[in-house]
Structure formats: structure tokens, C-alpha cells
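Student: Can you take me through one part of this structure slowly? I'd like to follow the sheet strand by strand, and then see what is packed around it.

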Amino acid sequence: MSVPLVSVIIPARDEVGNLPALLDEIAAALAAVDHEVLVVDDASRDGSWTMLQARAAEDSRLRPLRHAESAGQSTSVWQAAHRARGEWLATLDGDGQNDPADLPRLIERARRGDVGLVAGHRTTRHDDWPKRLSSKVANRVRGTLLKDATPDTGCGLKVIHRRAFLALPYFDHMHRFLPALILSQGGRCVSLPVNHRPRGAGRSHYGLNNRLWAGLLDLLGVMWLRHRSQLPAGLTTLETARRHTPTPQEETS
């Protein structure tokens with residue numbers, strides 16, 4: 001079994017009206033990239049799992065997973081990341097609002113090797129005003145307290161090295177704090193403008209209560225983690241020490 005370059009991870013709940021078109025768009029956008037797609041059906045009740053099973057029978061790149069009971073977005077991404085085979089993880093939401101056409105550009109930027117995470121920045125939002133307001137307030141609060149230098153941490157479109165992701169501490173809602181967590185590990189993050197589209201079908205599962213207020217405790221926890229982190233810490237191996245130890249001839253020259 002070949003190892004793909006990119007594992008696309010899609011957490012989804014009751015998105016049967018959006019997933020088929022989204023999967024078609026991913027296949028078109030990544031036609032020139034060796035990839036796999038892991039969709040985590042988070043206990044959907046709308047026929048998503050039946051559709052994913054039928055589709056996976058026709059497409060070996062699709063690897064659907066399912067929760068019997070809803071576990072949330074962060075758990076879905078975390079579990080898929082541990083089962084992914086790609087060197088890079090690319091995440092996007094299952095509602096179709098993230099544009100897969102942006103994936104090649106984010107992947108190309110990530111592969112330069114100087115960043116741990118590339119985040120999408122939705123410069124033009126296509127959401128109703130309560131969702132735009134809650135996202136704006138949440139981003140402002142997080143940016144002020146965490147100083148993560150990321151204007152849109154709520155954007156589901158991100159590319160992150162799998163090894164870097166697996167080194168992060170796991171907790172519910174961690175997906176909202178990925179830039180800050182990467183920085184706490186000594187990594188670097190950049191943001192690129194991406195397209196944002198109106199939701200095609202279904203309804204959003206997020207609002208002010210579960211986007212801002214429910215995340216305040218997590219925000220305090222991430223602040224504590226960053227304060228207590230000692231990474232990166234310089235570490236010398238025996239091989240490194242030997243390479244830098246002068247020889248007797250060098251010491252007498």
C-alpha cells in the first residue's frame with residue numbers, strides 16, 4: 001500500500017447534502033497530488049454513513065470512519081490523524097463552505113519546510129451575522145490573550161505536518177487552538193487568504209454559546225500550557241557532540 005503525501009480529514013455531522021459534491025471537488029483539486037480522504041461521520045442521522053460506505057466501495061482513496069455517538073470536531077480530527085498515512089494533514093469542514101481549490105496552494109506553502117502549520121484566512125465571509133459576530137469576537141479574544149498571530153483560527157481549512165500534530169496535547173476543542181499549540185511547541189504558523197462559500201445544505205452546529213463562552217475554560221488551559229512549556233529546548237546528541245569536538249590536530253593548530 002502506497003503512502004500518500006496528504007491525508008485530507010473532514011469531520012462531518014449530518015452533511016449528506018454537502019459531502020458528495022465536496023468529495024468530488026477534493027478529487028479534482030488534488031488530481032495531481034497523491035492523497036487519501038478520511039471522513040469522520042460524527043454520529044450523523046441523515047444517511048451520511050450509508051452514502052460514505054457506498055462511495056468508499058468505488059473509491060479506494062476514501063476511508064470513512066464513524067462515531068456511534070457524537071464526540072465532536074476535535075476528537076474526530078484527532079482520531080483520523082492517528083489513522084492517517086500521509087506526511088501532511090489537510091483539514092476542512094464538511095459543510096462545503098471551505099473551497100478545496102485552495103488546498104494545493106496551502107500544501108505547496110507548507111512543503112517549503114519552514115512552518116508547522118498553514119491556516120486559511122476567510123477574508124470574505126458568507127455566514128449570517130450572528131455567526132460572523134461570534135467568530136469575530138472569538139478570534140479577537142484568542143488573538144489578544146494567546147498572541148497566536150493568526151487572524152482566523154476558526155477557519156477549518158488548515159495544512160499541518162502530521163508529526164507536529166501528533167505531538168500536540170489532546171483535549172476537546174483543541175482544533176480551535178492549533179496555531180497557539182504549534183507555537184507552544186516551537187513551531188511557526190502562517191495564514192493565507194482562502195475562499196469562503198455559503199452553506200449549501202443543512203444547518204450550522206455552532207453559535208455564540210458554543211463558539212466563545214464554551215471555549216473560555218479551554219482558552220485559560222491553553223494559556224497555562226504555553227506558559228509552562230519549555231519547548232523548544234536545545235538538545236545535543238552524542239553524534240552531534242562528536243561532530244563538534246575538535247580533534248587533537250585542530251586543538252594544536
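Tutor: Start with Val 118, whose bridge partner in strand 7 is Val 190. Keep in mind that this is a predicted model. That bridge belongs to the pairing of strand 5 with strand 7: the two run parallel and are joined by six bridges. Strand 5 itself is mostly covered, with five of its six residues buried.

Now look at the neighbour on the other side. Strand 5 is also joined to strand 6, this time running antiparallel, through three bridges. To find the place on screen, pick Ala 119, which has Lys 158 as its bridge partner in strand 6. Lys 158 is worth a second look, since it is buried along with Ile 160 on one side of strand 6, while Val 159 and His 161 are buried on the other side. That fits the usual picture: in a regular strand, side chains alternate between the two faces of the sheet. Here both faces of strand 6 are covered.

Keep going across and you reach strand 4. It pairs with strand 6 over four bridges in the antiparallel sense. Leu 89 is the residue that stands opposite Ile 160 of strand 6.

Let's jump to the far end of the sheet. Strand 2 covers residues 35-42 and runs parallel to strand 3, with three bridges between them. Asp 41 is a good marker here, because its definition as a paired residue rests on a bridge to Arg 66 in strand 3.

Put those pieces together and you have an open sheet of seven strands with mixed pairing, in the order 3-2-1-4-6-5-7. Strand 3 (65-67) and strand 7 (189-194) are its edge strands, each pairing on one side only. Ignoring direction, neighbouring strands in this sheet are turned by 20° against each other on average. Packed on the sheet is helix 4, residues 103-110, which touches strand 1 (6-12), strand 4 (88-91), strand 5 (117-122), strand 6 (158-161) and strand 7. Its direction makes about 160° with that of strand 7.

Helix 3 is the next one to look at. Its buried residues are Gln 73, Ser 74, Thr 75, Ser 76, Val 77, Ala 80 and Ala 81. They pack against four strands of the sheet, namely strand 1, strand 2, strand 3 and strand 4, and also against helix 6.

Helix 3 also takes us to the aromatics. The structure holds two aromatic pairs. One of them is Trp 78 with Tyr 170, a tilted pair with 4.9 Å from centre to centre and 45° between the planes. Trp 78 sits in helix 3 (residues 73-83) and Tyr 170 in the loop between helix 6 (162-166) and helix 7 (178-184), so this pair ties together parts that are 92 residues apart in sequence. Neither ring's residue counts as buried: Trp 78 is partly exposed at 27% relative accessibility, and Tyr 170 is partly exposed too, at 39%. In the pair of Phe 171 and Phe 177, the ring centres lie 6.3 Å apart and the planes meet at 40°, so this pair is tilted as well. Unlike the first pair, Phe 171 and Phe 177 are buried.

One more bit of packing, this time helix against helix. Helix 1 (residues 19-29) and helix 2 (residues 48-56) pack at about 35°, and their axes are 11 Å apart. The crossing is right-handed. From helix 1, Leu 19, Pro 20, Leu 23 and Asp 24 meet Ser 48, Met 51, Leu 52 and Arg 55 of helix 2. Sorted by class, that contact has five nonpolar residues, one polar and two charged. The spacing of the helix 1 set, with Leu 19 and Leu 23 both in it, is easy to follow: an α-helix has 3.6 residues a turn, so residues three or four places apart point the same way.

Finally, zoom out to the whole chain. It comes to 11 helices and seven strands. Of its 253 residues, 44% count as buried. Among contacts with a separation of 6 or more, 80% come from residues 24 or more positions apart.

Conventions:
Residues numbered from 1 in each chain as written. Predicted model: local features only at pLDDT ≥ 70, side-chain atom pairs only at ≥ 80, totals over all residues. Heavy atoms only, no water. Axes fitted to C-alpha atoms, helices over the stretch in contact; angles between N-to-C directions. Contact = heavy atoms within 4.5 Å. Phe/Tyr/Trp six-rings, centres within 6.5 Å; stacked < 30°, edge-to-face > 60°. Buried < 20%, exposed > 50% of the residue type's maximum accessible area, 1.4 Å probe, protein only. Left-handed = near helix turned anticlockwise from the far one by under 90°. Nonpolar A, V, L, I, M, F, W, Y, C, P; charged D, E, K, R; others polar.
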